[in-house]
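Thanks for coming. I have a few minutes on one structure, and I will go through its internal space, then a strand, then one side chain.

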Amino acid sequence: MKLSLQSIQNKEAWKGYHLPHFDPKAIAENTKKNPQWLHFGSGNIFRIFPAALCQHLIEMGRMNTGIICCESYDDEIITRCFRPYDNLTIAVTLNADGKLDKEVIGSMADSLTMRYDSERIAEIFQQPSLQMVSFTITEKGYRLRNAKHELVPAVMEDMANGPKSCKSFLAQLAAMCLGRKHACGAPLALVSMDNCSHNGEKLQRAVMEIAKAWLDNGKITAEDYGYLEHDIAFPWSMIDKITPRPHPAVEKQLLADGLEDISPFVTAKHTYTAPFVNAEKAQYLVMEDKFPNGRPPLEEAGVVITTRDTVNKVEKMKVCTCLNPLHTCLAIYGCMLGYTSIAEEMKDPELRALIENMSYIEGMPFVVDPGVIDPEKFLDEVLTERFPNPFLPDTPQRIATDTSQKLSIRFGETIKAYIASPHHDASELKLIPLVLAGWLRYLIGVDDEGNAFDISPDPLLPDMQKQLADITLGSEIDAEQLRPILSDASIFAVNLYECGLADTVIGYFQELITGPGAVRATLKKYVY
């Protein structure tokens with residue numbers, strides 16, 4: 001059988017799958033007449049989380065429109081994953097007990113690309129019924145500048161030329177919002193659902209910087225700028241759902257069910273995707289209640305609707321203490337110890353002791369309690385259910401990507417809390433410095449057996465490798481060689497020399513590069 005609107009009419013053939021309890025064609029027609037929710041970024045997390053939320057609200061009778069999905073980066077996701085399957089997808093939940101929950105998602109009413117459907121997307125923006133435009137475009141999608149903090153050429157050109165015929169996505173977005181002003185004048189919420197801190201602020205800053213350039217260049221009026229400033233809302237959100245690449249084991253199960261043409265593939269832009277998505281069961285979406293044109297009743301589907309301050313607190317709880325630091329720790333040490341699975345790492349006594357003691361002993365005393373989610377229960381779920389899930393195929397190699405950009409928020413905030421505390425001192429920390437030293441050891445690109453491995457992509461990798469070029473297993477470290485790195489507050493959020501942790505990190509690093517087996521020996525020495 002094939003994934004299609006016609007095929008899912010044969011419910012007996014789809015036994016074991018939750019099928020949409022509505023007519024996707026009717027929902028698509030309603031959506032075309034009165035679009036309510038537009039989404040940019042058609043990747044895995046969108047299809048198994050926001051799109052699933054919409055489906056459940058439709059099934060509850062709380063929505064009668066779906067989501068219009070748009071892709072601004074990788075057209076192949078639309079042309080190869082959506083349209084050949086009538087905009088359906090298969091969402092597979094990976095339960096820790098090995099059971100797979102399979103659901104056909106039919107809430108995606110249309111699938112468009114900025115390259116070929118920009119006029120249609122602009123028309124949707126102009127509809128008064130449109131309430132929210134959401135985004136899962138990754139943190140990089142909000143950047144106007146390159147690694148050297150220079151405006152990228154396309155953005156510079158768009159800033160100079162004004163709203164017409166923009167080439168960069170964020171300028172196109174700003175232009176479409178202005179098109180809405182002139183067409184209907186209704187307000188709108190632009191909602192980032194990307195897994196980055198202060199995501200709404202990042203989106204707002206980028207849009208308004210472009211708009212300010214247009215205003216200064218005489219390309220838009222003060223009234224146009226005022227509309228973007230006052231009538232376009234940028235609510236913050238916190239999203240959390242581990243959604244790894246499509247896994248061969250899931251593909252095998254779907255093929256055994258009789259499905260055809262559902263195999264994963266890699267697009268020309270290196271996106272790993274498939275007509276199905278697999279993810280863990282646990283999921284959290286916390287959103288600031290800032291929707292000037294109304295919104296779907298998302299809270300009825302489990303979304304926490306709250307204040308910006310609470311969203312920020314939830315984000316800090318997760319990113320600074322209860323999940324992300326643990327992920328980064330397992331990524332760094334997992335690569336050096338030869339692991340290719342986070343779940344397998346959780347069976348390693350030293351690695352488990354490292355993240356448990358780091359989080360409970362060093363992190364939790366300064367955890368931010370948001371009130372809407374209990375930090376201790378959240379952390380317990382991460383350690384006992386989410387990370388050990390053997391059916392959640394996530395890899396330390398994937399998580400190790402862009403580590404230099406993550407250290408400041410994932411570890412630096414806790415270090416700063418110790419510095420600010422009248423009852424504690426940063427020098428008390430033992431395991432967080434071990435993670436930072438582990439990152440330096442990881443950058444050598446040699447595992448604990450002395451074999452070279454591929455370091456995951458990172459914008460600072462060339463510079464870091466240049467600074468660590470002479471350090472090999474068995475080297476005697478020149479502490480001054482590390483000073484430019486360890487004093488860089490843009491990496492660690494603090495100058496490690498000024499807070500008294502530099503010598504600790506250097507000492508650990510020296511032990512970690514003693515020779516083959518030194519990583520394991522160092523862990524055994526310090527994590528218990």
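Let me start with residue classes: Ala, Val, Leu, Ile, Met, Phe, Trp, Tyr, Cys and Pro count as nonpolar, Asp, Glu, Lys and Arg as charged, and the others, Gly among them, as polar. This is a predicted model, where local features need pLDDT of at least 70, side-chain atom pairs count only at pLDDT 80 or more, and totals for chains, interfaces and linings use all residues. Residues are numbered from 1 along each chain as its sequence is written, and side-chain values use heavy atoms, with hydrogens and water left out.

Now the cavities. A cavity here is a set of points, on a 1 Å grid over the protein atoms alone, where a 1.4 Å probe fits but cannot get out; lining residues have an atom within 4 Å of a point. Grid points are joined across faces, edges and corners, and a volume is the space filled by probe spheres set on the points.

How many cavities of 30 Å³ or more are there? The count is three. The largest holds about 50 Å³. Its lining consists of Cys320, Thr321, Pro325, Leu326, Met358, Ser359, Gly363, Arg410, Phe411, Thr414 and Ile432. Helices H11 (308-322), H12 (324-336), H14 (349-363) and H17 (407-420) each give two or more residues to that lining; helices are DSSP runs of H or I with at least four residues, strands are runs of E with at least two, and both are numbered from the N terminus. By class, the lining has six nonpolar, four polar and one charged residue.

The second largest cavity has about 40 Å³ of space. Among the residues that line this one are His327, Arg386, Asn389 and Asp394. Its lining splits into five nonpolar, two polar and two charged.

Next, strand E4, residues 89-94. Six of its six residues are buried, meaning under 20% relative accessible area with a 1.4 Å probe, protein chains only. Thr89, Ala91 and Thr93 point one way, and Ile90, Val92 and Leu94 the other. E4 pairs with E5 (residues 100-105) in the antiparallel sense over six bridges, where pairing takes at least two DSSP bridges. Alanine 91 is opposite glutamate 103 in E5. On E13 (residues 276-280), E4 runs parallel with five bridges, and threonine 93 faces alanine 279.

Last, glutamine 55, in helix H3 (residues 50-59). Buried or exposed? Glutamine 55 counts as buried because its relative accessibility is 0%. Beyond neighbours within four places in sequence, its contacts (heavy atoms within 4.5 Å) include Glu103, the residue opposite alanine 91.

Technical notes
On a 1 Å grid over the protein atoms alone, a cavity is a set of points where a 1.4 Å probe fits but cannot get out, and a pocket is an open set with protein on both sides within 12 Å along at least five of seven lines; lining residues have an atom within 4 Å of a point. Buried means under 20% relative accessible area, exposed over 50%, partly exposed in between (1.4 Å probe, protein chains only).
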